[in-house]
Amino acid sequence: MGLERFYNMKKTTAGIVVALCGFCGTIYGGSQVSYSQAAPAPAPFTWTGFHLGVFGSYTHGQFEPELNLSGTFNQIPPIIKNGLESRGSADFDSDGGGVGGLIGFDYQLGKWVFGLEGAGEYLWSRESRDTGAFILGVGVPPLDMRTSFKTHYLFTVAPRIGYACGRFLPYVTGGLAVGDLEWSQTVRDLSDPGTHLGDSRSETNVGWMVGGGLQYALTNHWSARVQYQYVDLGSAGFDSQVSNSPDFRSHHSGSLTEHNASFALIYKF
């Protein structure tokens, strides 16, 4: 009986040891599998970083000329003078496209994103208006008036503030705008082509812009955005006089504002 009891105890102990080893092995093995299969946690997305981009735009420009007559013009009937000034001060619009590039930096603080961006584009925005022949009154020769303008480029530098909604970034912006304004205005006496009034002016103007947009991160590096800007480039002016009667004087001024919608593809480093 003693040997049999000793044998059974030995057998039971061995079974317990084997079971414990199997249990520990299962835990250890499972632990290894879990470690080997666990994927590293992806880094959280952030808008912080430098970025470069390209864009295309559509521009609707509004040109506002103003003609003021002085000198001997003050001695002619007001209805004639006012009629000429009115025709020379009529607004007109233009539509055109543009292509350009941008560079900037953003910093995300919580949900808020603060940035600074510079952009430049070449514009195809130009328009002209010709009144054709008109007569302002009895004894006044038939006249013709032509007004035209062009703008070729636009540069902007501005901060922007956005609020991150995951990969969406709505934002507002506003700052400096620099562009060119080239325009001319001429009044001709159709009965005497050598008699005319007017000149042209071309200069680079410093103005301002304000706008906003919505940007979406396609990946951690690539994003796309749509943006709207209202741009005011100020005015440009010149003086002139009737070619064969310099006492008939005039001042011509013109201002340009633009509504600019663009689509951009951007790479963040």
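Biologist: What makes Arg201 and Glu203 a salt bridge?

Modeller: The closest N and O atoms of Arg201 and Glu203 are 3.0 Å apart. A salt bridge asks for a side-chain nitrogen of Lys or Arg within 4 Å of a carboxyl oxygen of Asp or Glu, so this pair earns the name. Keep in mind that this is a predicted model, where local features need pLDDT of at least 70, side-chain atom pairs count only at pLDDT 80 or more, and totals for chains, interfaces and linings use all residues. Residues are numbered from 1 along each chain as its sequence is written, and side-chain values use heavy atoms, with hydrogens and water left out.

Biologist: Why does Arg201 count as partly exposed?

Modeller: Buried means under 20% relative accessible area, exposed means over 50%, and partly exposed is in between (1.4 Å probe, protein chains only). Arg201 comes out at 36%, so it lands in the middle class. Glu203 has 23%, so it is partly exposed as well.

Biologist: How many salt bridges does the structure hold?

Modeller: There are 3. Asp106 and Arg160 make one of them, at 2.7 Å from N to O. That pair ties together distant parts of the chain, 54 residues apart, with Asp106 in strand β2 (92-109) and Arg160 in β4. Both Asp106 and Arg160 are buried. Another salt bridge joins Arg225 to Glu117, also with 2.7 Å between the closest N and O atoms. Here the partners are 108 residues apart, Arg225 in β7 and Glu117 in β3. Arg225 and Glu117 are buried too.

Biologist: What do all those strands build, and how does the pairing run?

Modeller: A closed barrel of 8 strands, going from β1 through to β8 in order, with antiparallel pairing. Neighbouring strands are turned by 15 degrees against each other on average, direction ignored. Strands here are DSSP runs of E with at least two residues, helices are runs of H or I with at least four, and both are numbered from the N terminus.

Biologist: How do you know that β5 and β6 pair?

Modeller: Two strands pair if DSSP finds at least two bridges between them. β5 (168-189) and β6 (196-217) have 21 bridges, so they pass. Ser184 stands opposite Ser200 in β6, and Gln185 faces Asp199. The two strands form a hairpin with 6 residues between them. β6 and β7 (222-242) are joined by 10 bridges, and their hairpin has 4 residues between the strands.

Biologist: Why is Asn260 called buried?

Modeller: Asn260 has a relative accessible area of 2%, so it falls under the cut-off for buried. This residue is found in strand β8 (245-268). Contact means heavy atoms within 4.5 Å, and Asn260 touches Thr59, Glu121, Leu154 and Gln227, among others.

Biologist: What makes the link between Asn260 and Thr59 a polar contact?

Modeller: Their side chains meet at 3.4 Å. A polar contact is a pair of N or O atoms within 3.5 Å; within protein, one must be able to donate a hydrogen and the other to accept it, and residues adjacent in sequence count only if both atoms are side-chain atoms. The 3.4 Å distance is inside that limit, so it fits.

Biologist: Which residues in α2 are buried?

Modeller: Ile80, Lys81, Gly83, Leu84, Glu85 and Gly88. What covers them includes β1, β4 and β5.

How values were computed. Axes are lines fitted to C-alpha atoms, for helices over the stretch in contact, and angles run from 0 to 180 degrees between N-to-C directions. Lists of a residue's contacts leave out its neighbours within four places in sequence.
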